[in-house]
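Me: I would like to understand how the words used for a protein model are tied to their definitions. Could you take me through some of them?

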Amino acid sequence: MSQTASAGMSPAEFAQARIRMVEAQLRRRGISDPLVLKAMGEVPREAFVPPGFEEFSYEDSALPIEQGQTISQPFMVALMLQAAALGRHDRVLEVGAGSGYAAAVAGHIAGQVFTIERHRALAEAARARLRALGLTNIALRHGDGTKGWPEAAPFDAILVAAAGLTIPQALKDQLAIGGRLIIPTGSEGEQLLKRITRSGEEEFQQETLAAVRFVPLVEDADSLTTVLRATAEPLPALHEPSFAQAFDRFGDRRVVLLGEASHGTSEFYRARAAITAHLIREHGFDIVAVEADWPDAAAVNSDIAHAAGARRDAAFQRFPTWMWRNVEFEGFVEELRRHNQDLPADRRVGFYGLDLYNMRGSIAAVLAYLDKTDPGAAKLARERYGCLMPWQRDPAVYGRVALSDSYRACEEEVLAQCRDLFHRQTADGPAWFDAAQNARLVASAERYYRVMYYGGAESWNLRDTHMFETLTQILEQRGAQSKAVVWAHNSHIGDARHTEMGALRGELNIGQLAREHFGDDAALIGFGTDHGTVMAATEWDGEAQVKTVRPALPQSWEAALHDSGLQRSLLDMSGRTDPALAAARLERFIGVIYRPESERLSHYADAALARQFDAYVWFDRTEAVTPLESDARAGMPDTYPFGM
Ligand code: SAH
């Protein structure tokens, strides 16, 4: 041991000091296990202290080592080893290798020693020392020892050289029956050394051995990949019945909100269709409310209710037509139609639109209703809506003209019309409800287009508030037993407070309002993908194109999910507190517009996934929706749906 002798003491002097240490510090203080005393008398502690500290090697104290850690006091090492009652053939795990000293002593007694150190530099230095001393029955690794060393378990003894508040479950699990775990617990200044003995599969005895003082046992936060893999449940193929059964856990909610990460992905439509149909059949859901305009959805609703003269092909004629005029959605509507076939009117599933963009369709619907029921009121409504008529084909322009005083009156008129209709509630429930919702839509849209002119959060908030109020009014109209499935983009159904939208821009959304209103009775389920194709346009009113979805950016949730190797999965995050899931990372939002060239700026925002959603449905690769064949045709007459 020439390197230690150079510190001023000869090997013989170190050996002398070691013998004195064993006598004075150990035997006299009650260490009596001959194996422990022998091993402590053999291991050169001077080889484990930092250079310059060799002469203190056999002092009765802990000594500082690198990284702010310590090499344990000799007595403490002996006390723990004695408490562990090591036998010649035992397998031993140590957590907190530090200098490697205690592991070396244990290695002199027991058959096999495994030791873990979370500081890489310490781990490497300890490994070099153990190797230099020729201790080949000791394996050392760098990592978080609170997880134990499962591949080497079970252990006859586990020694923990650092104190945590609780006893890690993994360590108890890795004890052999009859095994002993020696571990300090408590907070700084108040720690107790404990011995936990496993006496049976589920039986553990605990004793307190001494008041002690150790460095903290640091539990490393799990890596995001580890947490994602632990959380994800693989999902069967979309056509398997068991796909939707995975969502039975949300069956008792009043509202289940299903998101989407784009407005043109086949898997998102098919998955939501399968889940929704299952919730309807098995859990009594009777409302499907989607991010579409009220009057258009009403046409679908008449059709699935088998109403005479219903024309569902007349709906969704405006950009972006592929959102609802696609093969995937068509299949779902057919399914709803079949489901309703033999049901009485009050038990049929209803299909509703929450959105407010088709102002023109709504004006037409209000007028048509009044024409039929009260021609006098229809005349007044025509006058009131007159101020909007010039703009109904291009309502965005309305925002600009509405700045002038002459249009201020418009707001009053549409509100008055809305109030009138709500006060009318007559015997013909559904038709009245439809007209009243249309009148509400016109009033909301009038305000929406007016405030949109100024930009900012207000118009977004108005729209999402309108959508949420529409949802609550539908639920109310259908009665206390009613339950709704909502389909809308992730940006509407993921709680805005936990995304950039809410945190930076003051925007709220349906998901947030649903949580505030329904609490745990609402389930917010997001959908996501890494790469594939999507149906989208390059600008508003632009042509629908199948676009390649780029692999997600490195700092995103999507990249983390992809890198974790997850394919089709459900991540149920309710009750998950892992910091890795609740931190903010980038999330991709593709709408009806997708501009891969400027992806980071146009399509990514920060979001804390586990707070934003209760669950997340993952498809690593996805494909664009298939538009309906019939959309190749020339289009509807210009006057639809006004026809006047
Ligand atoms: N047995 C050592 C004592 C070192 S002090 C010796 O004889 O010298 C305790 C060590 O535990 C420190 O080096 C610290 O870095 C390490 N440690 C703390 N938390 C840990 C964890 N979760 N996993 C592994 N090592 C840990």
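Reply: What follows is a set of questions and answers on the ligand, the sheet and some loop residues. The model is predicted, so local features need pLDDT of at least 70 and side-chain atom pairs count only at pLDDT 80 or more, while totals for chains, interfaces and linings use all residues. Residues are numbered from 1 along each chain as its sequence is written, and side-chain values use heavy atoms, with hydrogens and water left out.

Me: What makes a residue count as one that surrounds the ligand, and how many are there?

Reply: A residue is near a molecule if one of its heavy atoms lies within 4 Å of it. By that rule 27 residues surround the ligand, and the closest are Glu-94, Ser-99, Glu-117, Gly-145 and Val-218.

Me: How do you know that Val-218 makes a polar contact with the ligand?

Reply: A polar contact is a pair of N or O atoms within 3.5 Å (within protein, one must be able to donate a hydrogen and the other to accept it, and residues adjacent in sequence count only if both atoms are side-chain atoms). A backbone N or O atom of Val-218 lies 2.6 Å from a nitrogen atom of the ligand, so the pair meets the limit of 3.5 Å. For Gly-145 the corresponding distance is 2.7 Å, and for Gly-96 it is 3.0 Å.

Me: How much of the ligand is buried by the protein?

Reply: Accessible areas come from the Shrake-Rupley method with a 1.4 Å probe, and for residues only the protein chains shown count as cover. Taken alone, the ligand exposes 570 Å², and the protein buries 99% of that.

Me: Why are strand S5 and strand S9 said to stand at the edges?

Reply: Strands (E, at least two residues) and helices (H or I, at least four) are DSSP runs, numbered from the N terminus, and two strands pair if DSSP finds at least two bridges between them. Here 7 strands form an open sheet with mixed pairing, in the order S5-S4-S3-S6-S7-S8-S9. Strand S5 (138-142) and strand S9 (204-212) each have a single partner strand, so one side of each is left without a neighbour in the sheet.

Me: What makes strand S7 and strand S8 a pair?

Reply: Strand S7 (residues 175-187) and strand S8 (residues 190-198) are joined over 8 bridges in the antiparallel sense, which satisfies the requirement of at least two bridges. One of the bridge partners in S8 is Leu-192, which faces Thr-185 in this pairing.

Me: Which peptide bond leads into Pro-154, and where does Pro-154 lie?

Reply: The bond from Ala-153 to Pro-154 is cis, with omega near 0°, and Pro-154 lies in the loop between S5 and strand S6 (155-160).
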